[in-house]
Structures are given as structure tokens and as C-alpha cells.
Amino acid sequence: MAITKPVIVESDKLYKKAKELIPCQTQCLSKGPTQFVEGVAPKYLKRGKGCRVWDVDGNEYIDYGMALGPIILGYCYEAVDRAIEDQLKDATILTQMHPLEVEVARLLVDTIPCAEMVRYGKNGSDVTSAAVRLARAYTRRDIIACCGYHGWQDWYI
């Protein structure tokens with residue numbers, strides 16, 4: 001079976017526009033084109049299903065990165081999509097707490113043997129910084145060993 005090089009035209013057009021509008025053309029270094037093979041990997045993906053993704057040019061790929069790791073069930077997993085659609089009918093961001101917070105906390109405490117309580121974070125940067133602060137306070141040590149890119153927080157820079 002011959003492997004053909006994908007036609008990448010629309011990705012390059014979007015990239016050219018992004019150079020004028022977005023510093024480094026992305027907010028996430030690991031999604032940026034410098035992390036992939038030029039001329040073979042697309043710069044912009046449009047959709048995904050299972051482990052497969054399609055770029056803006058219509059080329060199909062197997063996405064080994066799975067959205068930088070968190071998409072362990074695959075894209076457009078039906079049970080997850082249905083739950084999202086159901087929640088969208090109520091709201092996604094409310095001024096006050098939602099009952100789902102209690103339900104998820106109970107599930108986590110019941111599932112994780114050492115968990116006694118749950119604290120939610122808004123993003124990976126917040127929770128990583130909190131983990132570093134807790135580790136430093138508990139161990140009374142300053143140096144943090146890390147592997148890979150962990151964002152722009154002060155501890156990492």
C-alpha cells in the first residue's frame with residue numbers, strides 16, 4: 001500500500017492569517033506547528049471521531065495525541081456527547097453552585113481510596129500551581145522535578 005503525502009492548503013492559509021493575529025499562532029505550544037512535521041502534519045484540525053481527526057483540507061489522521069492527552073474515550077464519544085447536550089439545555093456557567101458539583105464530588109470520594117474531599121480547579125495551570133505549592137509546603141523543599149512543558153506559571157519559568 002502506497003502512502004501518499006496529504007494535500008495541505010487550507011491549513012497553510014489559516015496559518016498565514018494567524019501569523020498576523022496571534023503571537024506564535026497558538027496559545028498552546030504543544031499544539032503549535034513547530035511540534036509536528038512541516039508539510040506532512042496539518043496545522044488546523046476541524047473535527048474528530050473516535051481516535052481519528054480530519055484537518056481543514058479534509059485529510060484523515062489517527063490522532064495519537066488525543067487532544068494533548070485527556071480524550072481517553074475518543075472524540076465524539078456518544079455517552080459523553082449526550083451528557084454535554086443535556087447539560088447545555090440547563091446552562092454551563094452559572095453565578096452560583098450547581099448540584100452536579102456535589103454529585104461529582106461524591107463519585108470522586110467514593111472512587112478514590114485516599115480522597116476525603118474534592119477541590120475543583122478551572123484549568124490545568126491552576127491545579128498544577130496548587131500542587132506545587134502544596135508539595136513545597138509539605139516537604140519544605142523548593143526544587144520541583146518536572147518533565148515536559150507545564151505552562152507559564154512562575155514555578156515553572
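The following exercises, with worked solutions, concern backbone geometry, exposure and surface character in this structure.

This is a predicted model, in which local features need pLDDT of at least 70 and side-chain atom pairs count only at pLDDT 80 or more, whereas totals for chains, interfaces and linings use all residues. Residues are numbered from 1 along each chain as its sequence is written, and side-chain values use heavy atoms, with hydrogens and water left out.

**Exercise 1. Describe the setting of glutamine 25.**

Step 1. Glutamine 25 is placed in the loop between α1 (10–21) and β1 (45–49); helices (H or I, at least four residues) and strands (E, at least two) are DSSP runs, numbered from the N terminus.

Step 2. Its relative accessible area is 19%. Buried means under 20%, exposed over 50% and partly exposed in between (1.4 Å probe, protein chains only), and glutamine 25 is therefore buried.

Step 3. Leaving aside residues up to four places away in sequence, glutamine 25 touches Tyr15, Ala18, Lys19 and Tyr44, where contact means heavy atoms within 4.5 Å.

Step 4. The side chains of glutamine 25 and tyrosine 15 form a polar contact at 3.3 Å. Such a contact is a pair of N or O atoms within 3.5 Å; within protein, one must be able to donate a hydrogen and the other to accept it, and residues adjacent in sequence count only if both atoms are side-chain atoms.

**Exercise 2. Identify the positive phi values of glutamine 25 and cysteine 76.**

Step 1. Most residues other than glycine have a negative phi.

Step 2. Glutamine 25 has a positive phi, near 65°.

Step 3. Cysteine 76, also not a glycine, has a positive phi of about 55°. This cysteine 76 lies in the loop between β3 (60–62) and α2.

**Exercise 3. Classify the exposure of cysteines 76, 114 and 146, and state the number of disulfides.**

Step 1. Cysteine 76 has a relative accessible area of 38%, so it is partly exposed.

Step 2. Cysteine 114 reaches 68% and therefore counts as exposed.

Step 3. Cysteine 146, at 42%, is partly exposed.

Step 4. The structure holds 0 disulfides, a disulfide being a pair of cysteine sulfur atoms within 2.5 Å.
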